[in-house]
Amino acid sequence: MGRKRKNEQNDSVQDYTDLVTDRIIQYMEKNSITQKDMAERCHITQSTLSKILRGDITLSLPHLLNIAKAMDIDPGKLISYEKNILEDEAHIKHSPRKKRPSPSKALIRDPDSHHFKGILGTYYFYCKPTISSEQNLFLKGRFRLEKSKAPDNYCKAILELNTGKFDDLNRPIQKIYEGRMIISELMYSCTAIMCSEKYADFCCLNFTHTFLHDQKLLCRLAACLTTSSGISASRRPVMLKCILSREPLDDDDLKKLEGQLNMNSSNIRIFEEDFEKYIVPAFESPDELKHLTESAVKKTVYSWPEGTLRGDGWKYPITGKMEVINLLRRHSISEPYIKVSAKGDEFLFTYIEEKKRKIFQKSARNDKN
């Protein structure tokens, strides 16, 4: 009985949350307000507003007050149980997530569905190479999402990847992957599974889905699963992050965004010699650098190239070496998985929005002159 009562309480909370968020969405649609504009009015980030409207995060009191102020209504009306605060109940437009679909119906394949609104189109694609000797470079390409030709009805996904290499005639070598993209409404994710027939290789991209109104998806950090490059013995499964952007990024942009492509966590770790070489010279203010060094958790870190433990230099039975390596890896600070965080998406979005703003301001000044 306790579990049943708890489930009933959860359903009640979900229904009430849906009522409030539907009211916000109704106001935005009625007044043709985009998520970006609404977020600015509420003094919150667009990603936070998107999560609120999807029900991914709980509506806090500050959020409710800011949203009510942006809507120019009394906060009590915003959170009222009455269903006809803004207009007659018959005209209320409900959020797409109001009715939670069954798993089979939550896989959206039809590109004409509102789930695909603002997502179709062409993106610039950027990622790091999977060859260790080329880690100072970036792989670039185009990622396209488009409707299939009649009579089929699915979202076609195409990745045109420049390998950075050239054939015997000095022509750039390009890998082309083709496949389909499906949206999971329950998991809030877009997944594109593609294949390169020429190279007999597969590539899978996964990134977070959000409902868009009157705007296009500007950018996303995506998880990529494919096969590593190099000689045949080195071609192993590899997981990495990549950038999808409507706006082109140059090498200077990519260097500034490079940290978002690393397999990292909320804990940032850097060797002392790298800190002295790259971080210290970047700070002109001693006070800022002092805060940075004092806020760091300093611990001794041992580092081994695994080859030195496998090689003949260490006279130890091979089975014993494997046990030691497994023990070390078990307690290593390396992350067990790659996760594309919401903060990473927000950082990328903010950077590209700022880049667009500077370009617009520069163009306006040139026109004025």
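**Figure 1. Salt bridges in the predicted model.** In this predicted model, the count of salt bridges comes to 15. Three of the pairs, Lys36 with Glu353, Asp251 with Lys140 and Arg144 with Glu160, are described in the legends that follow. The chain that carries these bridges holds eleven helices and nine strands.

**Figure 2. Close-up of the salt bridge between Lys36 and Glu353.** The side chains of Lys36 and Glu353 meet with an N to O distance of 2.6 Å. Lys36 belongs to helix H2 and Glu353 to helix H11 (residues 342-368), so the contact ties together parts that lie 317 residues apart in sequence. Lys36 is partly exposed, at a relative accessible area of 31%. Glu353 has a relative accessible area of 17% and is therefore buried, the cut-off for that class being under 20%. Salt bridges with shared partners join Lys36, Glu353 and Lys356 into one network.

**Figure 3. Close-up of the salt bridge between Asp251 and Lys140.** The closest N and O atoms of Asp251 and Lys140 are 2.8 Å apart. This pair links distant parts of the chain, with Asp251 in helix H6 (residues 251-257) and Lys140 in strand S3 (residues 139-147), 111 residues apart. Asp251 is partly exposed, with a relative accessible area of 44%. Lys140 also counts as partly exposed, at 29% relative accessibility.

**Figure 4. Close-up of the salt bridge between Arg144 and Glu160.** In this pair the side chains meet at 2.7 Å, N to O. Arg144 is part of strand S3 and Glu160 of strand S4 (residues 155-166), and the two residues are 16 apart. Arg144 counts as partly exposed at 22% relative accessibility, and Glu160 is partly exposed with a relative accessible area of 21%.

**Figure 5. Strand S9 and its pairing with strands S2 and S8.** Strand S9 spans residues 237-245, and seven of its nine residues are buried, so this strand is largely enclosed by the rest of the structure. Strand S8 (residues 219-227) runs antiparallel to S9 and is joined to it by nine bridges. Within this pairing, Cys224 has Leu240 of S9 as its bridge partner. Strand S2 (residues 121-127) also pairs with S9 in the antiparallel sense, over four bridges. Here Cys127 stands opposite Cys242 of S9. As a general point, side chains in a regular strand alternate between the two faces of the sheet.

**Figure 6. Close-up of the cysteines Cys127 and Cys190.** The structure holds zero disulfides. Cys127 is accordingly in no disulfide, and the nearest cysteine sulfur, that of Cys224, lies 6.2 Å away. A disulfide would require the two sulfur atoms to be within 2.5 Å. Cys127 is buried, with a relative accessible area of 6%. Cys190 is likewise in no disulfide, its nearest cysteine sulfur being that of Cys155 at 8.6 Å. Cys190 is buried, with a relative accessible area of 0%.

**Figure 7. Close-up of Ser32 in the loop between helices H1 and H2.** Ser32 lies in the loop that connects helix H1 (2-30) and helix H2 (35-42). The phi angle of Ser32 is near 55°, a positive value in a residue other than glycine. In general, most residues other than glycine have a negative phi. Ser32 is exposed, with a relative accessible area of 57%.

**Figure 8. Close-up of His43 in the loop between helices H2 and H3.** His43 is placed in the loop between H2 and helix H3 (46-54). For His43, phi is near 60°, which is again a positive value in a residue other than glycine. His43 is exposed, its relative accessible area being 69%.

**Figure 9. Burial, contacts and surface of the whole chain.** Of the 369 residues of the chain, 33% count as buried. Contacts between residues at least 6 apart in sequence include 53% that join residues at least 24 apart. The chain exposes about 24,400 Å², of which carbon and sulfur atoms supply 53%.

Conventions. Residues are numbered from 1 along each chain as its sequence is written. This is a predicted model: local features need pLDDT of at least 70, side-chain atom pairs count only at pLDDT 80 or more; totals for chains, interfaces and linings use all residues. Side-chain values use heavy atoms; hydrogens and water are left out. Buried means under 20% relative accessible area, exposed over 50%, partly exposed in between (1.4 Å probe, protein chains only). Two strands pair if DSSP finds at least two bridges between them. A salt bridge is a side-chain nitrogen of Lys or Arg within 4 Å of a carboxyl oxygen of Asp or Glu. Contact means heavy atoms within 4.5 Å. Accessible areas come from the Shrake-Rupley method with a 1.4 Å probe; for residues, only the protein chains shown count as cover.
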